[in-house]
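Q: I have a model open and would like to learn how to read it. Could you walk me through it with me asking as we go?

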Amino acid sequence: MTDIIRKTAVFIRANADTAESRHAADALADMIDGRISADKALAILSDSLGCELQIKNPVPNAATAFVVFSSRELRRTLDGGDTALACDIADVLQALPENMYLSDKKAVSAFNKTYIRKFNKKHMSRLPEIV
């Protein structure tokens, strides 16, 4: 799942001011929130990104709060027209470590320090750290 999040974030970052990026952000957030099925969301995202996507591994529990909050915040900022903030959130999401590194305390600490804390210093919006 983290690979889908990263690919979607790269797409949104590159196309932040388009309706297609908002559509992708909606599909990602709705899938994570359980509002639409994974199959439907993957079909939408595959069409938007121009590649076939499959969920290989779920998001580890340590990163769940970060992923849920960030995907909702990304959709909210795009809906509100704040593309600069959306791009910054997408930057953090595309740097999300692979699942195998999310259990490594040093890797998680480095991600939190390098991406999340810098983002939180820059913006009023607060992204939760990965635990």
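Q: Which residue follows H4, and what is the sign of its phi?
A: Happy to start there, keeping in mind that this is a predicted model. Gly81 follows H4, and its phi is positive, near 80°.

Q: How many helices and strands does the protein chain have?
A: A good habit is to count the elements, then read their order. Here there are 6 helices and 0 strands, and along the sequence the pattern is α-α-α-α-α-α.

Q: What should the 19 residues of helix H4 span, and how far apart are its end C-alpha atoms?
A: The idea is to compare an expected rise with the distance in the model. At 1.5 Å a residue, helix H4 (residues 61–79) should span 27 Å, and its end C-alpha atoms are 28 Å apart, so the two agree. You can repeat the exercise on H1: its 13 residues reach 18 Å from the first C-alpha to the last, close to the 18 Å expected.

Q: Which residues in H4 are buried?
A: First, the general idea. An α-helix has 3.6 residues a turn, so residues three or four places apart point the same way. Now the case here: the buried residues of H4 are Ala63, Phe66, Val67, Val68, Ser70, Ser71, Glu73, Leu74, Arg75, Thr77 and Leu78.

Q: What covers the buried residues of H4?
A: Look for the elements in contact with them. The cover includes helix H1 (2–14), helix H2 (19–33), helix H5 (83–94) and helix H6 (105–122).

Q: Which residues of H1 are buried, and what do they pack against?
A: The same reading works for this helix. Buried in H1 are Thr2, Asp3, Ile4, Ile5, Arg6, Thr8, Ala9, Phe11 and Ile12. These residues pack against H2, helix H3 (38–49), H4 and H5.

Q: Why is Glu20 called partly exposed?
A: The label depends on relative accessible area: under 20% is buried, over 50% is exposed, and partly exposed lies in between. Glu20 has 32%, so the label is partly exposed. This residue lies in helix H2 and, leaving aside neighbours within four places in sequence, is in contact with Phe11 and Ser48. Phe11 is one of the buried residues of H1.

Q: Where is Ala95, and what does Ala95 touch?
A: For a loop residue, ask about place, exposure and partners in turn. Ala95 sits in the loop between H5 and H6 and, at 22% relative accessibility, counts as partly exposed. Not counting residues up to four places away in sequence, Ala95 touches Phe111 and Tyr115. Ala95 and Thr2 are 93 residues apart in sequence, with their C-alpha atoms 9.9 Å apart in space.

Q: What radius of gyration would a compact globule of 131 residues have, and what does the protein chain have?
A: Here a size rule gives the reference. With 131 residues a compact globule would have a radius of gyration near 14 Å, and the protein chain has 14 Å, which agrees. Along its principal axes the C-alpha trace spans about 35 × 30 × 25 Å. Buried residues make up 47% of the 131. Of the contacts with a separation of 6 or more, 63% are between residues 24 or more positions apart.

Q: How many positive and negative side chains are there?
A: Count both sets, then compare their centres. There are 18 positive and 17 negative side chains, and the centres of the two sets lie 9 Å apart. As for the surface, the protein chain exposes about 6,900 Å², with carbon and sulfur atoms supplying 52% of it.

Definitions and conventions. Residues are numbered from 1 along each chain as its sequence is written. This is a predicted model: local features need pLDDT of at least 70, side-chain atom pairs count only at pLDDT 80 or more; totals for chains, interfaces and linings use all residues. Side-chain values use heavy atoms; hydrogens and water are left out. Helices (H or I, at least four residues) and strands (E, at least two) are DSSP runs, numbered from the N terminus. The expected span of a helix is 1.5 Å times one less than its number of residues. Buried means under 20% relative accessible area, exposed over 50%, partly exposed in between (1.4 Å probe, protein chains only). Contact means heavy atoms within 4.5 Å. The radius of gyration is taken over C-alpha atoms; the globule rule is 2.2 Å times the number of residues to the power 0.38. Accessible areas come from the Shrake-Rupley method with a 1.4 Å probe; for residues, only the protein chains shown count as cover. Lys and Arg count as positive and Asp and Glu as negative; His and the chain ends are not counted. The place of a charge is taken as NZ of Lys, CZ of Arg, CG of Asp or CD of Glu.
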